[in-house]
Amino acid sequence: MKLINQDQIEKLAEFRSKDYFTTSFFLDTSRDRMTKKEIQLSLKNLINRSHSRLEKRNLDDKKKESLFEDLKKIQDYCTQKIPFYDDYGLAIVSCHKEDFWEVFNLVKSPRNMVIFDRNPYVRPLSAILEQYHRICALVIDKKEAKWYDIYMGEIDLMDQMETDLSKHKGETGREGFGSQSLEKHLSSLFQTHIKKASNHTFELFKKDSFDWLFVGASEEYLKELKSQFHPYLKERMKGVIKAKPSDSPDQILREALEIKEDLKKKEQKQLVKDFESEIKRGGLAVSGIRNTIRSLNKGEVKTLLVTRGFSKPGRLCLKCRYIYFDEEECKACKGKTIPVIDVIDEAVEAAMNLNCQVKHINPPSRLDRYGGIGAFLRFKS
Ligand SMILES: [Zn+2]
């Protein structure tokens, strides 16, 4: 299935097996950079490397056997799939002995990797999803208005409305219409047109909440729209695109994606800046892996900031789901903690379970000065 929302990741993260490990597999299948043959070759290399890693690993036989079966199944599936595959990445999570098998088609390339762990490795999926915003693009001129939904690199026409203001010019010669009253008449038609478009945008927002609103219109229209928009829409209006209703969806998509990339970069920069000043003034934020994990365990975290690609081994209490950096004993239940490959992945998962936002920051950034990880807090105990 196509990876499109957070719910899919949360559902995946819930999978646990008492007796077996899970294989999480990620393959870059970007046809822009590789031929099908090259993708098949990187698949083979990845599986072979994982095979020899697994052979050396100290696990009991039945666990290992299930993981070897996962690798075989994944290899067979991909070998058949790749010749006809056109998404940018493929993620498979499998636990053979528990009959667990999930495939995700990805719109963005992940790093090639295979993780054998107690539960699914969800961090690459969360990182891909976090890059996407649901955008509504409104393009409007005197003849018509169109609303597009833009998400994960795809564009769909949501709705359209026609109001031909130009045809009213034909009424000039009509009896009873002096030039002054005609001007008034046209201006009121224009107002109605804008009002209708603005109201309809708000209706669409209430129905299918979007994160960002982009508008393609002339100066005059923009000014009027901005004054008419509901405060919720004003807040979300993030960009102006150079597009008309008659432009092709592809053209509108290209325009919108360019602005989106720019906004995304600015947003990340601002977020890290806010984080830094919060830390400096000793406010509601923590930095570094130990402090961040401690705050997560206490349920204090509001927004988790992690550097893309940064990972560290750590420990986990399976009973309480508390995360530790190196403590062998769980502080809550005094039980023994187990080693995990990437404690950041556990942190991302825990943050999702606590309904916190997770922001994946592209390196290099100023977050590097704070140990590559940090969080904004709801409260500080
Ligand atoms: Zn515990």
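Student: How many bridges join strand S1 to strand S2?
Tutor: Strand S1 covers residues 22–28 and strand S2 covers 89–95; they run antiparallel. Strands here are DSSP E runs of at least two residues, numbered from the N terminus, and two strands pair if DSSP finds at least two bridges between them. The count for S1 and S2 is six.

Student: What should I know about the model and its numbering?
Tutor: The model is predicted: local features need pLDDT of at least 70, side-chain atom pairs count only at pLDDT 80 or more, and totals for chains, interfaces and linings use all residues. Residues are numbered along each chain as its sequence is written, from 1.

Student: Which strands are at the edges of the sheet?
Tutor: The sheet is open, with four strands in the order S3-S2-S1-S4 and antiparallel pairing. An edge strand pairs on one side only. That picks out S3 (100–106) and S4 (113–117).

Student: Which residue in S2 is the bridge partner of Phe26?
Tutor: The partner also appears among the residues touching the most other members of the largest nonpolar core. Such a core joins buried Ala, Val, Leu, Ile, Met, Phe, Trp, Tyr and Cys residues through C-beta atoms within 7 Å; buried means 20 or more other C-beta atoms within 10 Å, with C-beta atoms placed from the backbone. The partner is Ala91.

Student: Which helix gives the most to this core?
Tutor: The core has 64 residues. Helices are DSSP H or I runs of at least four residues. With six residues, the top contributor is H10 (343–353).

Student: Why does this core lie between two domains, and which ones?
Tutor: Domain bounds come from an automatic or database assignment. The core lies between the two because both give residues to it: domain 1 (1–130) and domain 3 (284–381).

Technical notes: Buried ≥ 20, exposed ≤ 12 C-beta atoms within 10 Å, placed from the backbone.
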